[in-house]
Amino acid sequence: MAVVFEKPHALADTTFHYCPGCTHGIIHRLVAEVIDELGVEGKTVGVCPVGCSVMAYDYFNCDMVEAAHGRAPAVATGLKRALPDNVIFTYQGDGDLAAIGTAETVHSATRGENITIIFVNNAIYGMTGGQMAPTTLPGQVTQTTPYGRDTNTAGYPVRVCEMLSTLSGVALAQRVAVDTVPHINEAKKAIKKAFQNQLDNKGFSIVEVLSTCPTNWGMTPTEALQWLRDNMMPYYPLGVYKDVEEGVKK
């Protein structure tokens, strides 16, 4: 009998700890599929910091390194420079990458470090109870903004891909989503390109994935997906913001 669908080898046979409806599991699978298809499991090292991804080392069969909160790009930089023939990727949330890790993200990008970053944006601090994150939308209710994010006092959300696309060291900055099958397929293509860029020594690649957090949003999984479409996508438009290969820059 022909096999038409199976678990990627790079994905460990372990039950995810994520909340029901969370899309981290989908993103994990896409990363694992790409590692399988490129045949790089034996030389891939993933870096996971603090956040919902803190236990991702349990879910991938490649080598994994734990980083302090926000420091994954710095750790990845060290790994890549020490092991230039290895494939190094980070898996980070928005509270991690765009808050405490902003400097590490920006400076590794502007240096053109030849690493791949998978950036999961769910507009909230997921693991620590649902506080406002740098990506929390204007008016969005969180544990620390019970009346909604007030831009007069809290400022505006950070659009990471748009910001990084201005830096010369960035090879790819693309925003995707995993709310529908077509979007999942597009997300996989983006992740594969980000890994291939590293193999081709093109420099820093980041794929931002719009994700849901049903638990902290106080929604069912279905409601959360629709909220993402109605609220996050208009503020964070999907698309390629920089691609040195295609000469694309929004």
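**Exercises on salt bridges, cysteines, cores and a helix**

R111 is partly exposed, with a relative accessible area of 46%. This residue opens the first exercise, and the model in which it is examined is a predicted one.

**Exercise 1.** Determine which residue meets the side chain of R111 in a salt bridge, and state whether that partner is buried or exposed.

*Solution.* The side chain of R111 meets that of E113, with a distance of 2.6 Å from N to O. The relative accessibility of E113 is 6%, and because buried means under 20%, this residue counts as buried. The pair therefore joins a buried glutamate to a partly exposed arginine.

**Exercise 2.** Trace the salt bridges of R175, and state where in the chain the partners lie.

*Solution.* Begin with E162, which forms a salt bridge with R175 in which the closest N and O atoms are 2.6 Å apart. This pair links distant parts of the chain, since E162 belongs to helix α6 (residues 160–164) and R175 to strand β5, 13 residues apart. R175 is buried at 1% relative accessibility, whereas E162, at 21%, is partly exposed.

Turn next to E208, whose salt bridge with R175 has its closest N and O atoms 3.1 Å apart. Because E208 lies in strand β6 and R175 in strand β5, this pair ties together parts that are 33 residues apart in sequence. E208 is buried, its relative accessible area being 0%.

Elsewhere, R29, E33, E37, K188 and K192 are joined into one network by salt bridges that share partners. The count of salt bridges comes to 13.

**Exercise 3.** Explain why neither C48 nor C52 takes part in a disulfide.

*Solution.* A disulfide requires two cysteine sulfur atoms within 2.5 Å. For C48, the closest cysteine sulfur is that of C62, at 8.6 Å, which is too far for a bond. For C52, the closest is that of C213, and the separation of 6.1 Å is again too far for a bond. The two residues can also be described by their surroundings: C48 is buried, with a relative accessible area of 1%, while C52 counts as partly exposed at 23%. The structure as a whole holds zero disulfides.

**Exercise 4.** Describe the largest nonpolar core, and identify which elements contribute to it.

*Solution.* This core has 33 residues, of which I118, F195 and V207 touch the most other members. Two or more residues are given to it by each of α1 (24–38), β3 (87–93), β4 (116–121), β5 (170–177), α7 (181–199) and β6 (204–210). The largest share, seven residues, comes from α1. A second, separate core of 22 residues includes A76, A109, F204 and I206. Returning to V207, its contacts beyond four places in sequence include I117, I118, F119, L172 and A194.

**Exercise 5.** Compare the span of α1 with expectation, and work out how far this helix is enclosed.

*Solution.* At 1.5 Å a residue, the 15 residues of α1 should span 21 Å, and this agrees with the end C-alpha atoms, which are 21 Å apart. Twelve of its 15 residues are buried, so α1 is largely enclosed by the rest of the structure. Among the buried residues are H24, G25, I27, R29, E33 and L38. The elements against which the buried residues of α1 pack are β1 (44–48), β3, β4, α7 and β6. Just after the helix, G39 takes a positive phi of about 65 degrees.

Key:
Residues numbered from 1 in each chain as written. Predicted model: local features only at pLDDT ≥ 70, side-chain atom pairs only at ≥ 80, totals over all residues. Heavy atoms only, no water. Buried < 20%, exposed > 50% of the residue type's maximum accessible area, 1.4 Å probe, protein only. Core = buried A, V, L, I, M, F, W, Y, C linked by side-chain atoms within 4.5 Å. Helix = DSSP H or I, 4+ residues; strand = E, 2+ residues; numbered from the N terminus. Contact = heavy atoms within 4.5 Å. Expected span 1.5 Å × (residues − 1). Salt bridge = Lys/Arg side-chain N within 4 Å of Asp/Glu carboxyl O.
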